[in-house]
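Here's a quick walk through one protein model, for someone who likes to look at helix packing and odd backbone spots. Have the viewer open while you read.

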Amino acid sequence: MSQLMEARVPDIGSDQGVPVIELLVKVGDIVTKDQGLVTLESDKATMEVPAPFAGTVREVLVKVGDEIGTGAVVAMIEPAAEASATPVEAKSQPVAAAAAVAPPAAKAPAPVVAATTPAPVASSPAPAATATTVAVATMTPAAASSRRSLDSESLVPGVLPYASPAVRVFARELGVDLSQVKGTERGGRIGKADVQAFVKAMLAGGTMPRASGGEAGGLQLIPWPQVDFAKFGEVERQSRTRINKLSGANLARNWAMIPHVTQFDEADITEMEVFRKKLGEENKDVKITPLVFLIKAVVAALKKYPAFNSSLDGDDLVLKKYFHVGIAVDTPDGLMVPVLRDCDRKGLLELSAELASISARARDKKLTAADMQGGCFSISSLGGIGGTAFTPIINAPEVAILGVSKSQMKPVWNGSEFAPRLMLPLSLSYDHRVIDGAAAARFASYLAQVLGDLRRLLV
Ligand code: CAO
C-alpha cells in the first residue's frame, strides 16, 4: 500500500461547527479527483468536500452529525498510481481539487443555496389535487431501491449518483431520481442539462419505473399554467425557504405516488385528560400534552398491527422491530419531522421532556440530519390549534401517519342518556398498497380504545 494522504476540508470560512450531513463515500471506494467525499451544510449553504486526487478511500474520519471546519481531515486516501507519481500534498493544497463543484478560481467548493439534506418533511393536510403535484411524481423515482438515492434514509455511502450538490438539489426540487438519469458530462457525471433533458423526456410521455419494479406508463400532463398575476392586481413575490422547497418536493412525491386513504375515528379522552392534568400538577417542570399519550398509544397499536410499522422495499415489506415516532413540528421556516427514538422504552415524562427539547431544536434550526432519520410512523398534531379532521400525507417510506385534531366536549350516548365526554378526533392516513381498509379501521379503533382506557397500555 502506498502512503496514505489526507483529504481535508478546504477554506469554507469557518474553523468549526459546520455539520456533516452526508457521507458520499465509504472505505474501499475508488474516487476520482474532485469527487465529493462528504457534504457539509451550514445554515446558509451546502458544500461538498472534494477528493484532492484520485485514489482509494482507506479511512473515513467523520460521521453524519459531526461538526467540522476548515482544515479538518475527512478521509485518508491511498493515491492512485498516477496520482502518487506526482503526489499532491493534501495539507498544503487542500482546496486544489474543488474545481468539480466550484468555479476554477474559487478556493472553496461552490456553495449551493438549497441543500442535499435528508428529506425533512412529511406530513401535511393534503393539498388540492394539482397538475404540478402529479407532474412531479411523473419524474419521481419508483423502484424502492433506487428511491433511496433521494430520501433521508438513502444517504448510503457510495451509491449516490455522480452529480454535484447543486445538480442534486435541482433534481430533488423537480422530484427527479438521479439514478434514472444518464450523465453526459466527463466521467458520466450528471449535469443540470441532463436533468432537464430527463424531465423533458418524461413530460413528452416517457415512462417511469414502478415501485415494485417494471415499467408503467408516465402520466400525460398538460403544462402548469403560466399566469401574469400582476395583470389582475397588485402582487408581491416572496422567495420560499429551503425547507419549504424540500418539503414541497417530498410531499408532492409522497402524495402522488402513495395511494392514500384516510380513516377517521374519535377517542374518548375524558379520563385521560383527568390523569394528564394530575400528572401535570405533580410534575410542573415539564409540559405534558396529549401528544405523549398519543405516542404511547401509537406504539401499542404498532405492536398489535405490525404492518403499520413497515416499509415497502420493492416487492418486499420490511417490518421494523423498533418504535421510532416522527413528530411534525411547525417552525417559522416550514414543517420538520424530527424522530423520537425507542418510544416503547420511555415513559410519559421522558417523552414530554424529549418532545419539548426536539421541538425547540427544530424551531431554533438546531436539528441534525440524524434527528430526522429512522422514523417508523409519524404523528401530525394540530390539536393545539383547532380543526375537526384532516388528511395527513404519509412520510415515505413509512406506510401510515396519524393526524390529530382538537378535542371537544360532546354529548355521547351511553346507553341510557347523553353524557358530556371529551372526544379527540383522529385521522389515520395509510398506504393502501400495504394496508387494507379493515386493518386501518382496526388500528384506529384500537388506538381510540387505548386512549379511552390507558390500562390497555399495560396489557
Ligand atoms: N386537543 C386539545 N388541546 C390540545 C391538543 C388536542 N388534541 N393537543 C395539544 N393541545 C393543547 C396542549 O395541551 C397545550 O395546551 P396548554 O397550553 O393549555 O397546556 C396547547 O394545546 C398547545 O400545545 P402544543 O402545540 O404546544 O404542544 P403539543 O405537544 O400538542 O405539540 C408540537 C407539539 C411540536 C407537535 C406542536 O407545537 C406543533 O408544532 N404542531 C404543529 C404540527 C403541524 O404543523 N402539523 C401539521 C403538518 S401539515 O402542514
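What follows starts with the whole chain, then moves to two helices and a few single residues.

First, the ground rules. This is a predicted model, in which local features need pLDDT of at least 70 and side-chain atom pairs count only at pLDDT 80 or more, while totals for chains, interfaces and linings use all residues. Residues are numbered from 1 along each chain as its sequence is written, and side-chain values use heavy atoms, with hydrogens and water left out.

**The whole chain**

The protein has ten helices and 21 strands; helices (H or I, at least four residues) and strands (E, at least two) are DSSP runs, numbered from the N terminus. Of its 459 residues, 49% count as buried, meaning under 20% relative accessible area, with exposed being over 50% and partly exposed in between (1.4 Å probe, protein chains only). Among contacts (heavy atoms within 4.5 Å) with a separation of 6 or more, 68% are between residues 24 or more positions apart.

**Helices H8 and H9**

Both helices have the length you'd expect at 1.5 Å a residue, taken as 1.5 Å times one less than the number of residues.

| Helix | Residues | Expected span | End C-alpha distance |
|---|---|---|---|
| H8 | 15 residues | 21 Å | 21 Å |
| H9 | 16 residues | 22 Å | 22 Å |

Twelve of the 15 residues of H8 are buried, so that helix is largely enclosed by the rest of the structure. Among them are Phe293, Lys296 and Leu302.

In H9, the buried set is Leu348, Leu351, Ser352, Leu355, Ile358, Ser359 and Ala362. They cover an arc of only 140 degrees around the axis, which puts them on the same side of H9; the arc is that of the directions from the helix axis to the C-beta atoms. Packed against these residues are helices H7 and H8, along with strands S14, S15, S16 and S17.

How do H8 and H9 meet? Their axes come within 9 Å and cross at roughly 120 degrees, where axes are lines fitted to C-alpha atoms, for helices over the stretch in contact, and angles run from 0 to 180 degrees between N-to-C directions. At the contact, Leu291, Val292, Phe293, Ile295 and Lys296 of H8 meet Leu348, Leu351, Ser352 and Leu355 of H9. By class, that's seven nonpolar, one polar and one charged residues. Here Ala, Val, Leu, Ile, Met, Phe, Trp, Tyr, Cys and Pro count as nonpolar, Asp, Glu, Lys and Arg as charged, and the others, Gly among them, as polar.

**Backbone oddities**

Most residues other than glycine have a negative phi, and most peptide bonds are trans. Aspartate 342, in the loop between S17 and H9, has a positive phi near 50 degrees and is partly exposed at 21% relative accessibility. After H9 comes lysine 365, with a positive phi near 60 degrees. Over in the loop between S3 and S4, aspartate 34 has phi near 80 degrees and is buried at 8%. There's also a cis peptide bond joining alanine 396 and proline 397, with omega about 5 degrees; proline 397 sits in the loop between S18 and S19.

**Two buried polar spots**Glutamine 35 is in the loop between S3 and S4 and is buried, with a relative accessible area of 18%. Glutamine 35 touches Val25, Ile30, Val49, Pro50, Ala51 and Tyr162, not counting residues up to four places away in sequence. Aspartate 431, in strand S21, is buried at 2% relative accessibility. Leaving aside neighbours within four places in sequence, aspartate 431 contacts Ile258, Pro259, Leu312, Ile394 and Val399.
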